[in-house]
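Q: Please take a close look at a single part of this structure. Walk me through it step by step, and then set it in its surroundings.

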Amino acid sequence: MHVEEKMTVETWPAAPEKQTLDAKNKFLGFWLFLGGETVLFASLFATYLALKDSVPRSDMPLAKDLFEIPLVFAMTMILLTSSLTSVYAMYHMKNFNFKKMQVWLGITVILGLAFLGLEIYEFNHYVHEFGHTFTSSAFGSAFYTLVGFHGAHVAFGLLWITTLIIRNSKRGLNLYNAPKYYVASLYWHFIDVVWVFIFTVVYLMGMVG
Amino acid sequence: MKRLAKWRLASLLALLTLVLSACSGQPYLSALQPAGAVAKKQYDLMVFSTIIMIAVIAVVAVIFIIVLVRFRRKDDKIPKQVEGNHAMEIIWTVIPILLVLVLAVPTVSAVFDFADVDAMEKKNEDGSSDALVVNVRANLYWWEFEYPNEKIVTGQELIVPTDEKVYFNLIASDVKHSFWIPAAGGKMDNNTENVNKFWLEFDSKKADPDKLFQGRCAELCGPSHALMDFKVKALPRAEFDQWVTDMQNITEPQQATTDLAQQGQEIFNQSCIGCHAVTPSNGTPADARMAPNLTNFGDRNIIAGYLEHNEENLKNWLSDPETYKPGNKMTGTYGELTPEQLDALTAYLMGLKVQGE
Amino acid sequence: MSTNAQKRGFGATLWDYLTTVDHKKIAHLYLIAGGLFFLIGGLEALFIRIQLLKPNNDFVSAGLFNELLTMHGTTMIFLAAMPLVFAIMNAVMPLQIGARDVAFPFLNSLGFWLFLFGGLFLNLSWFLDAAPNAGWTSYASLSIAQTGHGIDFYALGLQIAGLGTLIGGINFLVTIINMRAPGMTYMRMPMFTWTTFVVSALILFAFPPLTVGLFLMTFDRMFGANFFDAAMGGNTIIWEHFFWIFGHPEVYILILPAFGIFSEIFAIFSRKRLFGYSSMVFATVLIGFLGFMVWAHHMFTTGLGPIANAIFAVATMAIAVPTGIKIFNWLFTMWGGSIRFTTPMLWAVAFIPSFLMGGVTGVMLGSAAQDYQYHDTYFVVAHFHYVIVGGVVFALFAGAHLYWPKMFGTMLNEVLGKITFVLFFVGFHMTFFIQHFLGLWGMPRRVFTYLPGQGFETSNVVSSIGAFLMAAGVIVLLINVIITSVKNEKVGNDPWGDGRTLEWALSSPPPYYNFKQLPLVRGLDAYWIEKMEGKKGMTPAEPLGDIHMPNNSFIPFLISLGLFIAAFGAMYHGDEGNTWGIPVLIFGLLFTLGSMFVRSIKDDHGYHIPKEELIDDNDKGVKA
């Protein structure tokens, strides 16, 4: 009944994220929300594919001129690792190990920041080296919108997880905040999966032309 | 029995034709008075589907009326609670499926027929095709008709030969429009980014030289969308060829013949010729053709797409285009015209004829 | 704590509604706001019909006419029909499944305020600049070419309102999946709940494409992007696809709840269980599924090619099958029943022929080869008004009369209700039937005028007179509402006498916690089963205990307000010499984020109604 009740390792349930009705609702609602997000990104992918390499002048850069695999590969690895560290965090949550969970989430945030930093560098590179901007062509608009929407999701995820870490740092785990941690990590995985598609569809397919 | 069924069907058809002809609109404008192969096929499909639909409506109506009459509340008894009836539910699932299939077959076949533009794709060595092709370029709020094989351009009045397939390339130069000649067949959109192709045919028996077919824009394109009409003059092949030759013969702007018209031509050459061409050649690139080609303006049947072709309307239009076509691109591109200038311009424009009297 | 019984001042009531998270009060808010927008949209329709009364009329200018037709369509779909449907869903669905509230009461309130602020933003365009003028479909080449801020109001306003709808959809889905009363299996859910369920799924998958489309338009118009600019490599057909991938499911989002409401009405007033319940469920799900497969039938003339047109034509015609199943099931629900012609039942009965008419023209439109003639003519205008007015609006009137007692505790006057019905029904058919022919005779839709001598005169006069009859019907309804509210004669649990589902087991209106003890559901039409066994109410499924309730919150209002402010910044920042646009945009977004942050870090566990108080309530005669 009282979700903020102090728990111990012994009383901590196996699925702490789904103990109360509110938590079950949150769990299901968030999955559904991710369903809607999937359609949102699918629409952005469709837009990108429709407008890929669609530029007004022949001297403007195309996908095959722009992308460099090493940088994007590093970004992919960083984000994939951050997904793994958030899995560790959830593992420790299930084992009622609050400190370790916080630490792993902290590492997740740092990796996420590194990813964002590289993305900003990447965009900056395209703008200054190639003149490939949001307004230079339909291709540019579609590219920055798709990848930028993902980047904005990453930024929001970082704010969210950081808020959770700080807000709960003093009070430890309970059945009230366990689902909050859980959906935040779900969200982080989702962002990661979207990036895998971006890596494939935008960058790898962009390299082959 | 069979004969009875046939008779019933025939009388139903006759009745339907009667009802439809009683309210079938104007022959130059109505989709219910088809004047070409495409419109005819579409009309037949309409009639066919209407018959199916009336049959469905009849069945529902009978049950509906019985229910409302028989089962009104008379006492406070609780009726038997029925869960459903599988046999009946299967019947009213299967029969609609069959009806849909029956309608789907002619639909699909017609869709492919209307999209068959192979003849215009078959190019001769010089890049022209044997079929008659018209490039329709839609603009805010006027139509340009270019005949790429004949290398001529005209506007606002589409001239086509009767009883043969005429192929169209459709595109828009500013915003999306839609090209529709209801009596000749359904519409197709003029998109801004790609060319759409389709064909129409114009029946010589339905073509009336005094009441030309009406075409219109069918896609909201701005304030004057409602006024973006054009006329279609369908001529026998020989007359059409003559018109083409007459047009092709004009390589230099025609010289005005009267003093007044000459003054008009001078005004025209100062203020109008930047946008309006008076030679039919399609040599200028399409995006430099900013306004309707006026080579055969004097021959036309409408002014500004929808006004009756007379001097008064022309003067009104020239002195205040905004009133007659709100949002048009001509307003404000030239100064105020004095009555004398209007008279001169009118005389000049009305004299722009390519066909001998 | 039993605040519901106390008389309070206006200020306190207003504050209560601004902060409420109770689904029943949010239903009131949706009803009032949606009703208001319905009146505005109706007024716009009247102006359109006055302008078309005679050829070459100059009642409004060509430009203003385009604004009127755009705002009429946009308002009616997004700001009237959707919220009114949401009003009935909110008022009824949680009661029908025996839930205490929806799954996320806070988000429920957020959804409403987002919708309201989005709607306000859109309608402010009338006063601040010019209203959007590219049609409710806002096709890209035209909308990108428009100067002024009209289309910006459209893109940003719908973005905000659409977010609210999406949130509402997720909320209803979770509520129905997780919060059904003990014993209520999926196949025991009332038909209206089923349609709410399917519709919520449609919302979840249909609104994101609209969101993306609106983003692209916003970026193009306000931030220099080139998605729809052919000269820069853009492509306007993308907008058409996104709009209709959203737009077609949207019409099912509107019509399915209408089907649900009529299913309830036919069963109640025929005193008979819904005929073929399982095939009705199947048909609903199938319609929802097919609804996503047919969007391109709005684009038959766009030039997608014969293969696409043929596939979408057949898929579209296929929808006639499940819809036909429904029509026959309703007819056979009445067959053998004991029909009482109350106002809701009149609407339901009139719905069958009206909707059938819209359905058969729908099949004709779906047959692509014919559609080349019908497309963008008054034939289409007639068709979609037959389904949306003859289906959705009839259902909303029927639902309003049926559930008025459940929402407000009073009965609308039956005589006035029937007068409304007759005026509106006659006016509706007068207005729209003749428009089929106008289209076939060559009158395109969205024309601000027409020329004399084309044979359009008489029909347009008939159509306009019909519109005024509909308006008269609505005025009678308003009078009815006022009289009923002033009289304020409270009614009991089951005022129609033949209620079948759980909501009729509760008092009218229900207590703020709905069921004191969750009811035990023993079959379809749970309340009817108990009544037939001579019981007065539902058997409880749990002992009487404390009830957990959510706290009211003002944060949803603030989150929505932030986006409302940000939208102004986004819209005006590109104006020449504008310096405050970007700061206001950032301020608004931070305001929203900040409000979310407060919500996130402030624990809100709600409160409990103690058992003792619930026993007290019993003595006051509130039965549950």
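A: What follows starts with one strand and works outward to the chains.

This is a predicted model, in which local features need a pLDDT of at least 70, side-chain atom pairs count only at pLDDT 80 or more, and totals for chains, interfaces and linings use all residues. Residues are numbered from 1 along each chain as its sequence is written, while chains are lettered from A and ligands numbered from 1 in the order in which they are written.

The part to study is strand E1 of chain B, residues 132-139. Helices (H or I, at least four residues) and strands (E, at least two) are DSSP runs, numbered from the N terminus. Is E1(B) enclosed or open? Of its 8 residues, 7 are buried, so the rest of the structure largely encloses the strand. A residue is buried if 20 or more other C-beta atoms lie within 10 Å of its own, exposed if 12 or fewer, and partly exposed in between; the C-beta atoms are placed from the backbone.

Now look at the partners. Strands of a sheet pair through backbone hydrogen bonds, either parallel or antiparallel. Here, two strands pair if DSSP finds at least two bridges between them. E1(B) pairs with strand E5 of chain B, residues 165-172, in the parallel sense. That pairing runs over 7 bridges. One of them can be found by name: B:Val133 has B:Tyr167 in E5(B) as its bridge partner.

E1(B) also pairs with strand E2 of chain B, residues 142-147. This time the sense is antiparallel, over 5 bridges. B:Asn139 has its bridge partner in E2(B), namely B:Trp142. What joins E1(B) to E2(B)? A hairpin does, through 2 residues.

Step out to the sheet. It is open and has 5 strands, in the order E3-E2-E1-E5-E8 of chain B. The pairing is mixed. Which strands lie at the edges? They are strand E3 (152-155) and strand E8 (196-201) of chain B, and each pairs on one side only. Neighbouring strands are turned by 25° against each other on average, direction ignored. For such angles, axes are lines fitted to C-alpha atoms, for helices over the stretch in contact, and angles run from 0 to 180 degrees between N-to-C directions. Toward the E3 edge, E2(B) and E3(B) pair in the antiparallel sense over 4 bridges. There, B:Phe145 stands opposite B:Thr154 in E3(B).

Next comes the whole chain. Chain B has 9 helices and 12 strands. Its radius of gyration is 27 Å, well over the 21 Å that the globule rule gives for 357 residues, so chain B is more spread out than a compact globule. That radius is taken over C-alpha atoms, and the globule rule is 2.2 Å times the number of residues to the power 0.38. The C-alpha atoms fill a box of roughly 95 × 55 × 40 Å, taken along the principal axes. Of the 357 residues in chain B, 43% are buried.

How confident is the predictor? It scores each residue by pLDDT, its confidence from 0 to 100. Chain B has a mean pLDDT of 92, with 94% of its residues at 70 or more. Among its elements, helix H1 (residues 2-22) has the lowest mean, 64, and strand E6 (residues 177-181) the highest, 97. Where pLDDT is low, the predicted coordinates should not be read in detail. For the complex, the predictor gives an ipTM of 0.95 and a pTM of 0.94.

Last, the neighbours. Two residues are in contact if their C-beta atoms, placed from the backbone, lie within 7 Å. In chain B, 73 residues are in contact with 75 residues of chain C. The largest share of chain B's side, 14 residues, comes from H3(B). By class, that side has 40 nonpolar, 20 polar and 13 charged residues. Ala, Val, Leu, Ile, Met, Phe, Trp, Tyr, Cys and Pro count as nonpolar, Asp, Glu, Lys and Arg as charged, and the others, Gly among them, as polar. Of the 2 pairs of chains in contact, chains B and C share the most contacts. No contact joins chain A and chain B, and their closest C-alpha atoms lie 12 Å apart. Chain A does meet chain C: 30 residues of chain A are in contact with 32 residues of chain C.

Notes:
pLDDT is the predictor's confidence in each residue, from 0 to 100.
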